[in-house]
Amino acid sequence: MMRIFKRNTFKQFGDPPFEAPTPSAGPGARIIAVTSGKGGVGKTNISVNLAIALAQLGQRVIVFDADLGLANVEILLGIAPAVTLYDHIFNNRAMEKILFPGPGGIKIIPGGSGFLELANLTAEQHSRLVNGLEQLDRMADFVIIDTGAGIAKEVLAFCASADDVLVVVTPEPTSLTDAYGLIKVLDKFNLHRDVYFVVNQSNNESETSDTAYRLKTVVDKYLNIKANYLGDIVYDKFVIKSVKNQKPFILANPYSPASEAVKKIALSLLNRELPAAEERGLRGFISKLSRLFR
Ligand SMILES: Nc1ncnc2c1ncn2[C@@H]1O[C@H](COP(=O)(O)OP(=O)(O)OP(=O)(O)O)[C@@H](O)[C@H]1O
Ligand SMILES: [Mg+2]
């Protein structure tokens, strides 16, 4: 695991002090789309803290901020990148120039509006993007994509193109209904055969098990998709505090209940085998994504 950046360097983002991580040979990164039916349930917090937990387990992790135009990850971390994926595609910025060092050894790619343009790329722009992503593929074991909420076409395209989908749900009835709605659409259009889900912001064990049970039962009963429960993260005041301080809770309060929970989820994710797929890693991701955006 490379930890080449001092923690306090990640706030100074004009031109990142980039040192490329050593590329490795291998099957490509595992792409996880973190998504939800309803907004505000904890996707961005989970994306960033799960990424750091995986990095702490020795994984090389890149977080893609794909909440188009809203820069969720950057706001959560208090950073202001001057360039995004858009600049890689349209302004010839090298991929390593938009790969920013984040806290805890992770790297961040700000999406900007880059992904929205996928449908309109020239052959040259498309091949630049594919080459850039192939470069990243060799640098990462995991790519975590923080998507927007809901069933917008772009969100569905990210989910369909990723190796794994991680749906975040809270015990709120609206969150549960919307999570079901999202999984239903993934099923209806045959975009995934299974999804993971985590219960976030539950107040106690019975609320967690009730939420997990309700979602799983209704998916099993009415849909052909499998919903795999990955774990839960309790409602934790340290999460709110860390959001205010723009510092990931897993670093600010490593032993708080939410941090311990995220570490468990990271371990559980690492222990799960990837289903066989024809196209894996970022190359597969972008070719599927481009098809869907067209
Ligand atoms: N486990 C938790 N305990 C307490 N509060 C939490 C927890 N998870 C999330 N929150 C609260 O929910 C807020 C929203 O979290 P976050 O920004 O990660 O959600 P999101 O799903 O990414 O939202 P959006 O859909 O707007 O992108 C946080 O600012 C925090 O206050
Ligand atoms: Mg978000």
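Donors are taken here as N, O and S atoms within 2.8 Å of the metal (3.2 Å for Na, K and Ca), and since water is not among the atoms, sites may look incomplete. For the magnesium ion (ligand 2), the protein donors are OG1 of Thr44 and OD1 of Asn72, lying 2.0 Å from the ion. This pair ties together distant parts of the chain: Thr44 sits in helix 1 (residues 43–56) and Asn72 in helix 2 (residues 72–77), 28 residues apart. Helices (H or I, at least four residues) and strands (E, at least two) are DSSP runs, numbered from the N terminus.

A word on the setup: this is a predicted model, where local features need pLDDT of at least 70 and side-chain atom pairs count only at pLDDT 80 or more, while totals for chains, interfaces and linings use all residues. Residues are numbered from 1 along each chain as its sequence is written, chains are lettered from A and ligands numbered from 1 in the order in which they are written, and side-chain values use heavy atoms, with hydrogens and water left out.

As for cover, buried means under 20% relative accessible area, exposed over 50%, and partly exposed in between (1.4 Å probe, protein chains only). Thr44 counts as buried because its relative accessibility is 10%, whereas Asn72, at 24%, counts as partly exposed.

Both residues turn up again at ligand 1. Of the 18 residues around ligand 1 (a heavy atom within 4 Å), Gly40, Lys43, Thr44, Asn45 and Asn72 come nearest. Polar contacts are pairs of N or O atoms within 3.5 Å; within protein, one must be able to donate a hydrogen and the other to accept it, and residues adjacent in sequence count only if both atoms are side-chain atoms. The side chain of Asn72 puts an N or O atom 2.8 Å from an oxygen atom of ligand 1. Backbone N or O atoms join in too, with Gly40 at 2.9 Å from a ligand oxygen and Val234 at 3.0 Å from a ligand nitrogen. Taken alone, ligand 1 exposes 640 Å², and the protein buries 79% of that; accessible areas come from the Shrake-Rupley method with a 1.4 Å probe, and for residues only the protein chains shown count as cover.

Zooming out, the protein has eleven helices and eight strands, and 55% of its 294 residues count as buried. Helix 5 (residues 153–161) is mostly covered, with seven of its nine residues buried, including Phe158 and Cys159.
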